[in-house]
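Trainee: I am new to this one and would like a close look at a single part, the place where the ligand sits. Could you walk me through it slowly?

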Amino acid sequence: MTNCLFCGVAAGTIPADVVLRTDQVVAFRDINPQAPVHLLVIPVAHYRDAGALAAADPLLAGQVIQAAQSAAELQGLTDYRLVFNTGEHAGQSVFHAHAHVLGGRSLTWPPG
Ligand code: 5GP
Ligand code: ZN
């Protein structure tokens, strides 16, 4: 999709600190980390949010979660939080489905 930041990351036209890439998914460091390890995992294909992704392609949604686990392990994490902000009022600001992988410190609950 044109004018989508994360489609640009997936295509390699927007620079990113990529930690894991397959033909289907990309994991890269968040530009504004909220924890010592803060990765974003995206499908290469564009879906506006995690719900749309899971509805259209459940296999790909699973691949995003598997990539999150692999990327966390590559960063030395055993414990991490996986977050899909879905919708503006839930904090979603980039409307290309993405999982946040947060770890490297103790995380409190509930989130803000
Ligand atoms: P959301 O708020 O949609 O759940 O998450 C979007 C995330 O993308 C935010 O954590 C934000 O810091 C990150 N982000 C925004 N622009 C860029 C960018 O150009 N590069 C990278 N690596 N992360 C970005
Ligand atoms: Zn996109």
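Which side chain has an N or O atom 3.0 Å from an oxygen atom of ligand 1?

Mentor: Happy to help, and please keep in mind that this is a predicted model. The side chain you are asking about belongs to H98: one of its N or O atoms is 3.0 Å from an oxygen atom of ligand 1. The protein covers a good part of the ligand's surface, burying 82% of the 520 Å² that ligand 1 exposes when taken alone.

H98 has company. An N or O atom in the side chain of D30 is 2.5 Å from an oxygen atom of ligand 1. With G91, the partner is a polar backbone atom, and the distance to an oxygen atom of ligand 1 is 2.8 Å.

Now step back to the whole surroundings. Ligand 1 sits in the largest pocket, and 15 residues surround ligand 1. The closest are D30, N85, G91, S93 and H100. By type, the shell around ligand 1 has seven polar residues, six nonpolar ones and two charged ones. Two elements to look for are α1, residues 5–11, and β2, residues 25–29, since each of them supplies at least two residues of this shell.

Those two elements also meet in another way. The structure holds one aromatic pair. Its rings belong to F6 and F28, with centres 5.4 Å apart and planes at 80 degrees, so the pair is edge-to-face. F6 lies in helix α1 and F28 in strand β2, so this pair ties together parts that are 22 residues apart in sequence.

While you are looking around α1, find N3 in the segment before that helix. Phi of N3 is near 60 degrees, a positive value in a residue other than glycine. Most residues other than glycine have a negative phi, and most peptide bonds are trans. The second half of that remark leads to one more place: W109 and P110 are joined by a cis peptide bond, with omega about 5 degrees. You will find P110 in the segment after β5, which spans residues 99–103.

Notes
Residues numbered from 1 in each chain as written. Chains lettered and ligands numbered in written order. Predicted model: local features only at pLDDT ≥ 70, side-chain atom pairs only at ≥ 80, totals over all residues. Heavy atoms only, no water. Near = heavy atom within 4 Å. Polar contact = N/O pair within 3.5 Å; in protein donor to acceptor, adjacent residues only side chain to side chain. Areas by Shrake-Rupley, 256 points an atom, 1.4 Å probe, with all protein chains shown as cover. 1 Å grid on protein atoms, 1.4 Å probe; cavity = no way out; pocket = protein on both sides within 12 Å on 5 of 7 lines; lining within 4 Å. Sits in = over half its atoms within 2 Å of the grid points. Helix = DSSP H or I, 4+ residues; strand = E, 2+ residues; numbered from the N terminus. Nonpolar A, V, L, I, M, F, W, Y, C, P; charged D, E, K, R; others polar. Phe/Tyr/Trp six-rings, centres within 6.5 Å; stacked < 30°, edge-to-face > 60°.
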